[in-house]
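Me: I would like to go through this chain by question and answer, with the reasoning spelled out before each result.

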Amino acid sequence: MIRVLLADDEELIRDALAALLDLEPDLEVVARAGDGRAAVEAALAHRPDVAVVDLQMPFVDGLEVTAELARVLPSCAVVILTGRGRPPHLQQALHAGAKGFLPKGSPGGTLADVIRRVHAGSRWVDPALAADALAAPPCPLTQRELEVLRLSEFGTPVAEIASRTSLSAGTVRNHLSAAVAKLGVANRGEAFQLAHEHGWL
């Protein structure tokens, strides 16, 4: 039997996945978790062979869960499930140690097959997401520009961003202007939106 942990913040999704996997004779759901912290705790308590983890969860997201499990329970292969995967998410998941990356809209039998594959030591990435990742443009922003742009999400004043980053207000304005120019948009709100849509934040 392949022991499986399910981690998703939506109970209906968790229960539906558990019911689907319970139909498989070689898979056993040994634990369920509704957030990232609970997922890591459940993995340590139940020692699953495979953890199926939602990308976006409260407290600790799926990428952080993946990295933590790679550190504290390396025998557990992680499959990331996502409602809307983007190329940077796929790259980040693989760098964090995920062995599989699967959209939630995949056919029902695909998840069981992916669990078996990663348990056997293979990797599996949804072909459409892999193709998108190969064709995706790289992020043109520096890490500092991304940091400043991330902090500007809710129209945060430049002075507050400067205080949080230990930069001068002029430097913050320069980083925001550079981000706007590099992304070819009209203002920092549009820059934030575009960077968010591409998964760069």
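**Surroundings of D54**

Reply: In this predicted model, D54 touches A7, D8, D9, G62, L81, T82 and K104, once residues up to four places away in sequence are set aside.

Me: In which strand is D54 found?
Reply: UniProt, in an unreviewed entry, places the feature "modified residue: 4-aspartylphosphate" at D54. As for secondary structure, the residue D54 is found in strand β3.

Me: Does D54 count as buried or exposed?
Reply: The cut-off for the buried class is under 20% relative accessible area. D54 has a relative accessibility of 5%, and therefore D54 counts as buried.

Me: Which helix supplies the largest share of the largest nonpolar core?
Reply: The largest nonpolar core has 27 residues, and those with the most contacts inside it are A51, V53, V65, L69 and I80. Several elements each supply at least two residues of this core, including β1 (2-7), β3 (50-54), α3 (62-72) and β4 (77-82). The largest share of this core amounts to four residues, and it comes from α2.

Me: Which residues does A51 touch, not counting residues up to four places away in sequence?
Reply: A51 is among the residues with the most contacts inside the largest nonpolar core. With residues up to four places away in sequence not counted, A51 touches L5, L69, C76, A77, V78 and V79.

Me: How many residues are in the other core, the one that lies apart?
Reply: Among the members of this other core are V4, L111, V114 and I115. Of these, L111, V114 and I115 are buried residues in helix α5 (residues 108-119), where T110, A112 and V118 are buried as well. The other core, which lies apart from the largest one, is of 20 residues.

Me: Which residue takes a positive phi just after α5?
Reply: Helix α5 covers residues 108-119. Just after α5, a positive phi of about 105 degrees is taken by G121.

Me: What percentage of the residues of the chain count as buried?
Reply: The chain has 10 helices and six strands, and its C-alpha atoms fill a box of roughly 60 × 35 × 30 Å along the principal axes. The accessible surface comes to about 9,900 Å², of which 53% belongs to carbon and sulfur atoms. Of the 201 residues of the chain, the percentage that count as buried is 43%.

Me: How far apart are the mean positions of the positive and negative charges of the chain?
Reply: The chain has 19 positive and 25 negative charges. The distance between the mean positions of these two sets is 6 Å.

Methods. Residues numbered from 1 in each chain as written. Predicted model: local features only at pLDDT ≥ 70, side-chain atom pairs only at ≥ 80, totals over all residues. Heavy atoms only, no water. Buried < 20%, exposed > 50% of the residue type's maximum accessible area, 1.4 Å probe, protein only. Areas by Shrake-Rupley, 256 points an atom, 1.4 Å probe, with all protein chains shown as cover. Lys, Arg positive; Asp, Glu negative; His and termini not counted. Charge placed at Lys NZ, Arg CZ, Asp CG, Glu CD. Core = buried A, V, L, I, M, F, W, Y, C linked by side-chain atoms within 4.5 Å. Contact = heavy atoms within 4.5 Å. UniProt positions renumbered as here; feature names shortened; annotations may be inferred.
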